[in-house]
Amino acid sequence: YGLVGVKKDTILKMAQSTHQYPLSEENQLITMIVGLSSLAWTYLIFIIFFYLDKEGIKLIEHLKLKPKGAEATGFCQDFKDWILMWPSLVMYSCVSYWAILKVAFMGKKVCGHDPSSKEGLAGGGAGAGELLALVPPNGEEATSSDDN
């Protein structure tokens, strides 16, 4: 509790030097209510998405596109996914924003996916040509050198 006074003094010194004073307690309360209500509305929309997903699964099973229970998830899995949906979307947005900034400042040379390039694949083990040589043509059985 001794650091509370130090924190307030530091905030006031920063406010005096930047001429940006902190919000009053009433404005802080309003800001908190607006932020939390925005978060609540977001999670309400997520619940609607989960409901639509469950209804879509029922339709897929009714049309016999998938066997009954193939897409079933339990309550705990759904609850975990619902809770982690917001942080996942925020982190995805951060990664996307970083990628846009990277392209904006560094240009087209940073575009691409090197691990999936041919050079990236050839360096890590057998190449596609070597693997195809191991597959016998026309469904014939492979013979080992010991059988000849």
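Guide: Buried means under 20% relative accessible area, exposed means over 50%, and partly exposed lies in between. The model here is predicted.

Visitor: Is Phe79 buried, exposed or partly exposed, and what is its relative accessible area?

Guide: Partly exposed covers values between 20% and 50%. Phe79 falls in that class, because its relative accessible area is 43%.

Visitor: How do the end C-alpha atoms of helix H2 compare with the expected span, and how far apart are they?

Guide: Helix H2 covers residues 25-62, which makes 38 residues. At 1.5 Å a residue, H2 should span 56 Å. The model agrees with that, since the end C-alpha atoms are 55 Å apart.

Visitor: Which residues of H2 are buried, and which helix helps to cover them?

Guide: The buried residues of H2 are Tyr43, Phe46, Phe50, Ile57 and Glu61. Their cover includes residues 75-106, which form helix H3.

Visitor: How many aromatic pairs are there, and of what kind is the pair of Tyr43 and Trp82?

Guide: The whole structure has four aromatic pairs. In the pair of Tyr43 and Trp82, the ring centres are 5.0 Å apart and the planes stand at 70°. An angle over 60 degrees counts as edge-to-face. So the pair of Tyr43 and Trp82 is edge-to-face.

Visitor: What does this pair tie together, and how far apart in sequence are the parts?

Guide: Tyr43 lies in helix H2, and Trp82 lies in helix H3. Both residues are buried. The pair therefore ties together parts that are apart in sequence by 39 residues.

Visitor: Of what kind is the pair of Phe79 and Trp82?

Guide: Both residues lie in helix H3, three residues apart, or about one turn. Residues three or four places apart point the same way, because an α-helix has 3.6 residues a turn. The ring centres of Phe79 and Trp82 are 5.9 Å apart, with planes at 40°, so the pair is tilted.

Visitor: Which residues do the ring pairs link into a cluster?

Guide: Two of the pairs were just described, Tyr43 with Trp82 and Phe79 with Trp82. The cluster joined by ring pairs is made of Tyr43, Phe46, Phe75, Phe79 and Trp82.

Visitor: Where is Glu71, and which residue's side chain does it join by a polar contact?

Guide: Glu71 sits in the loop between H2 and H3. Beyond four places away in sequence, Glu71 touches Ile57 and Lys66. A polar contact of 2.7 Å joins the side chain of Glu71 to that of Lys66.

Key:
Residues are numbered from 1 along each chain as its sequence is written. This is a predicted model: local features need pLDDT of at least 70, side-chain atom pairs count only at pLDDT 80 or more; totals for chains, interfaces and linings use all residues. Side-chain values use heavy atoms; hydrogens and water are left out. Helices (H or I, at least four residues) and strands (E, at least two) are DSSP runs, numbered from the N terminus. The expected span of a helix is 1.5 Å times one less than its number of residues. Buried means under 20% relative accessible area, exposed over 50%, partly exposed in between (1.4 Å probe, protein chains only). Contact means heavy atoms within 4.5 Å. A polar contact is a pair of N or O atoms within 3.5 Å; within protein, one must be able to donate a hydrogen and the other to accept it, and residues adjacent in sequence count only if both atoms are side-chain atoms. Rings of Phe, Tyr and Trp (its six-membered ring) pair if their centres lie within 6.5 Å; planes under 30 degrees apart count as stacked, over 60 as edge-to-face and the rest as tilted.
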